[in-house]
Amino acid sequence: MSVEALEQLVDDEQVAVAHVPSLSPSRAADFKSCPLRYRFRVIDKLPEPPSPAAVRGTVVHAVLESLFDLAATDRTLEAAQGMVAGAWSALRETEPDLGTLFAGAEAGEEQAWLSSAQALLESYFALEDPTRLEPAGREERVEVQVGESLTLRGIIDRLDANAAGALRVVDYKTGAAPSEAWESKALFQLKFYALVIWRTRGVVPAVLQLLYLADRKRLTYSPTEAELVAMERHLLALGAAVEHARATGDFRASKGPLCGWCDHQALCPEFGGTPPPYPLLPVV
Ligand code: SF4
C-alpha cells in the first residue's frame with residue numbers, strides 16, 4: 001500500500017472514531033497548495049484512479065523496504081530487481097482494484113513498466129550501498145501531539161542511526177529532483193518528520209536526505225532546533241486554518257502548477273465545475 005494510501009487509512013480511522021485535528025505531510029501539503037483539493041481528498045474522499053507512475057513508486061518503496069530484510073551481503077542489485085515482480089503481485093493482492101491498471105494496455109506494456117521499476121532500483125544502487133547500512137527504522141509510523149490538540153503523523157521511509165545516536169531521515173522519491181526554487185517545498189515533508197522525531201525522541205535529526213531515483217540526485221539538509229520551532233508554529237497555524245475550513249465549509253480553490261495533476265478539475269470552479277454539496281454541514 002502506498003504511503004499516501006496508508007496516511008489516508010490512518011486519517012479514516014480517526015474520522016471513524018471522532019474528529020481529531022490532525023495533519024500528515026501529504027495532507028498538509030494538499031491544504032497549502034489548494035484547500036479545495038484537500039477537501040476533495042480528505043472530506044469528500046473522491047476516488048482518484050491510480051497512475052502507473054504512482055503505483056511503480058509504491059512497488060519500488062516496497063522493494064527498498066524488503067531489501068533490508070536480507071543479510072547485508074545479499075543486498076545486491078540483482079536481488080532487489082528480482083523482488084519487483086513479487087512486490088507487484090503482493091500489492092495487487094492487498095489492493096485488488098490495481099488488477100485493472102494495465103487493462104486494455106498494449107502487449108508488453110506491463111513488462112516495460114516492471115523493467116522501469118528495476119531501472120529505478122539500479123539508480124538507487126548508484127546513490128547508496130545498502131550493504132553498508134543497518135536502518136533503525138523502515139516505513140515507520142510516527143505521531144505526536146503539538147499545541148493543545150493537533151496530531152502530526154506520518155510514515156518515514158527509512159531512519160538511520162549512527163553509533164553516536166545521530167539520526168538521518170531518508171525519503172525515496174521515484175521522480176526527478178526539483179529545481180532550486182522548489183527545494184524548500186520538497187524538504188517540507190522531511191522537516192515535518194524531523195519535528196515529530198524531535199518532539200517524540202528529544203533529538204533533532206542530524207540529516208534529512210531525499211534520494212531522487214529518476215535522475216540519481218541526492219538532496220541533504222541539516223535542520224536546526226530553531227527551524228523546527230518555526231515549523232511547529234507553521235503547522236499549528238495550518239491546523240487551525242484546516243479546522244476553520246472544516247467548520248465553515250470554506251475550502252477555496254487555488255489554481256497553480258499542481259492543477260495539471262489534479263483528478264478533480266471537472267468539479268473545480270477554476271475550471272468551470274461545481275463542487276458537490278459540502279458533506280460536513282455545521283450544526284446550527
Ligand atoms: S484543479 Fe487546481 S484549483 Fe481546482 S481543486 Fe484541483 S488543484 Fe485545486
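So, two strands count as paired here if DSSP finds at least two bridges between them. Strands themselves are DSSP runs of E, at least two residues, while helices are runs of H or I, at least four residues, and both are numbered from the N terminus.

Quick housekeeping. This is a predicted model, so local features need pLDDT of at least 70 and side-chain atom pairs count only at pLDDT 80 or more, though totals for chains, interfaces and linings use all residues. Residues are numbered from 1 along each chain as its sequence is written, and side-chain values use heavy atoms, with hydrogens and water left out.

Okay, let's start with β3. That's residues 150-161, and eleven of its twelve residues are buried, where buried means under 20% relative accessible area, exposed means over 50%, and partly exposed is in between, with a 1.4 Å probe and protein chains only.

Which strand pairs with β3 over nine bridges? That's β2, residues 137-146, and the two run antiparallel. If you want a landmark there, find Arg 138, which sits opposite Arg 158 of β3. The β2 and β3 hairpin leaves three residues between the strands, and Gly 147 has a positive phi near 60° there.

On to β4, residues 167-173, which is antiparallel to β3 and joined to it by four bridges. Here Asp 160 faces Arg 168 of β4. These strands form a hairpin as well, with five residues between them, and Gly 165 in the turn takes a positive phi of about 90°.

Then there's β1, just residues 22-23, which pairs with β3 in the parallel sense over two bridges. Leu 23 has Leu 152 as its bridge partner in β3.

Right, salt bridges. By that I mean a side-chain nitrogen of Lys or Arg within 4 Å of a carboxyl oxygen of Asp or Glu. The whole structure has 16 of them, and I'll go through three pairs.

Pair one is Asp 30 with Arg 27, at 3.1 Å from N to O. Both residues are in helix α2, residues 25-33, and because they are three residues apart, about one helical turn separates them. Both are buried, too. And this pair has company: Arg 27, Asp 30, Arg 41 and Glu 48 are linked in a salt-bridge network.

Pair two brings us back to Arg 138, whose side chain meets that of Asp 69 at 3.0 Å, N to O. Asp 69 is in the loop between α4 (52-67) and α5 (77-82) and Arg 138 is in β2, so the contact ties together parts that are 69 residues apart in sequence. Asp 69 is exposed, at 58% relative accessibility, whereas Arg 138 is partly exposed, at 28%.

Pair three: where does Arg 201, the partner of Glu 140, lie? The closest N and O atoms of this salt bridge are 3.1 Å apart. Arg 201 belongs to helix α8, residues 183-201, and Glu 140 to strand β2, so to speak distant parts of the chain, 61 residues apart. Both ends are partly exposed: Glu 140 has a relative accessible area of 22%, and Arg 201 comes in at 43%.

Last stop, the ligand. Residues around it, meaning those with a heavy atom within 4 Å, include Cys 34, Cys 259, Cys 262 and Cys 268, along with Arg 37 and Lys 255. By class, the shell has six nonpolar, two polar and two charged residues. For that tally, Ala, Val, Leu, Ile, Met, Phe, Trp, Tyr, Cys and Pro are nonpolar, Asp, Glu, Lys and Arg are charged, and the others, Gly among them, are polar.
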